[in-house]
Amino acid sequence: MSIPYGHQEITDEDVAAVAKTLKSDYLTTGPKVAEFEAALCRYVGAAHAVAVNSGTSALDIAVAALELPAGSEIITTPFSFVASANCALYNGCTPVFADIDRKTYNIDAAQIRKKITAKTKAMVYVDYAGQPCEIGELKEIADKHGLALIEDAAHALGAEYKGKRVGGFADMTCFSFHPVKHITTGEGGAVTTERGELAETLRMLRNHGIDKTPSERATYLYDMKLLGRNYRITDFQCALGISQLKRMNGNLKRREEIAELYAKELAGLPLALPYVASNARHAWHLYTVLLDKGINRDAVFDAMRKRGIGVNVHYIPPYKFSYYQKLGYGKESDYPVTEEIYSRILTLPMYHSLKDEEIRAVAAALEESIKEAKQ
Ligand SMILES: *Cc1c(COP(=O)(O)O)cnc(C)c1O
């Protein structure tokens, strides 16, 4: 038996859509890009979407679009993938970590308030595992201190806060279409925004900072207005994204069913199930359990892997990595909640094509692995 922690689903329709686009006139910067962006806008309820070649690229140009002075501080969570903090560094800014909430594992508003200085200009918050942050409170802080808000919603396509899908709450919201996420384009990402001027800047940043794409040019002339990148996504990737997005409703419902079945199967084990806030619809990108204190998480991890279950740990806090250590980060006592959750958390397999019998097998393996780890 071998069950990964996340896996893509590619149907015959997906393959046909990609093949058709490969035989069309445009491999990149063609009509499928705009079509995918329009479909994303409709799905998340945002005014504008700019599709790019990865979620990391989306975060990079979102920060770049703010055009912040060098040395600006950007507050983010230490309990995320490195990209959430690296996007500040790419743009000459300093990521400042604020510790997380004990229940949701999302950034803690009280800790954010403590980290604000005269240099703080923005916040990158992450909807951990697919559960939206307490966005109303973050917005209040941002408004009070004049901070820009970037939502890293790589986990949260389809997630809802107070009955509305994430995508239009922050100044810019970033999505990822890596194969482990809700929908995939192979590699890919997007930024959504309500603000037209930001969308225009993001489009330029994706294409070298150039003001017009070839099809928009009347002559050979164009201008380079910003130091952009080449973060363009191909048309065949967008064809895949359009096809995948059509299945989002079923995808999310299945993830909810899986979460319910896990809750039933794991009842009675020495662990805490994920907490879901009453004002949230959790998108269940990840399903994590918090092992009781005293259980050796790494031993449980090894025992699960030995049984062919692709458990994982999300996330190693970025301040622990050697690159961040060299920059002077990493006083563990600064982030006590992150440290504790990181030491006890375990990610179980979660993807919408996971079968009921596989979930039961994961639960049974976890019970055995915990016993084994205690010996
Ligand atoms: C996956 C992920 C990213 C990066 O997305 P890529 O498409 O892999 O570049 C950024 N932030 C978080 C929280 C992620 O999970």
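**Close-up 1. Helix 3 passes helix 4 in a right-handed crossing.** In this predicted model, the contact draws on T56, L59, D60 and V63 from helix 3, and on A83, S84, C87 and Y90 from helix 4. Sorted by class, the residues of this contact are 5 nonpolar, 2 polar and 1 charged. The axes of helix 3 and helix 4 (residues 83-90) come within 9 Å, crossing at roughly 40°. The two helices are therefore oblique to each other.

**Close-up 2. Helix 3 also packs with helix 7, at an angle of about 125°.** Here the partners are residues 55-65 for helix 3 and residues 196-206 for helix 7, and their axes lie 9 Å apart. That angle makes helix 3 oblique to helix 7. Helix 3 passes helix 7 in a right-handed crossing. Look for I61, A62, A64 and A65 on the helix 3 side, meeting L198, T201, L202 and L205 of helix 7. By class, this contact of helix 3 with helix 7 holds 7 nonpolar residues and 1 polar residue, with no charged residues.

**Close-up 3. C87 and C93, two buried cysteines.** You have already met C87 among the helix 4 residues that contact helix 3. The count of disulfides comes to 0. C87 is in no disulfide, and the nearest cysteine sulfur, that of C174, is 7.5 Å away. With a relative accessibility of 1%, C87 counts as buried. For C93, the closest cysteine sulfur is in C87, at 9.0 Å, which is too far for a bond. C93 is buried as well, its relative accessible area being 4%. As a reminder, a disulfide is a covalent bond between the sulfur atoms of two cysteines.

**Close-up 4. G186, in the loop between strand 8 and strand 9.** The flanking strands to find here are strand 8 (172-176) and strand 9 (189-193). G186 counts as partly exposed, at 34% relative accessibility. Leaving aside residues up to four places away in sequence, G186 touches F177, H178, P179 and L240. To place this loop in a wider view, try E372: G186 and E372 are 186 residues apart in sequence, and their C-alpha atoms are 38 Å apart in space.

Conventions. Residues are numbered from 1 along each chain as its sequence is written. This is a predicted model: local features need pLDDT of at least 70, side-chain atom pairs count only at pLDDT 80 or more; totals for chains, interfaces and linings use all residues. Side-chain values use heavy atoms; hydrogens and water are left out. Axes are lines fitted to C-alpha atoms, for helices over the stretch in contact, and angles run from 0 to 180 degrees between N-to-C directions. Angles under 35 degrees count as roughly parallel, over 145 as roughly antiparallel, 65 to 115 as roughly perpendicular and the rest as oblique. A crossing is left-handed if the near helix is turned anticlockwise from the far one by less than a right angle, and right-handed if clockwise. Contact means heavy atoms within 4.5 Å. Ala, Val, Leu, Ile, Met, Phe, Trp, Tyr, Cys and Pro count as nonpolar, Asp, Glu, Lys and Arg as charged, and the others, Gly among them, as polar. A disulfide is a pair of cysteine sulfur atoms within 2.5 Å. Buried means under 20% relative accessible area, exposed over 50%, partly exposed in between (1.4 Å probe, protein chains only).
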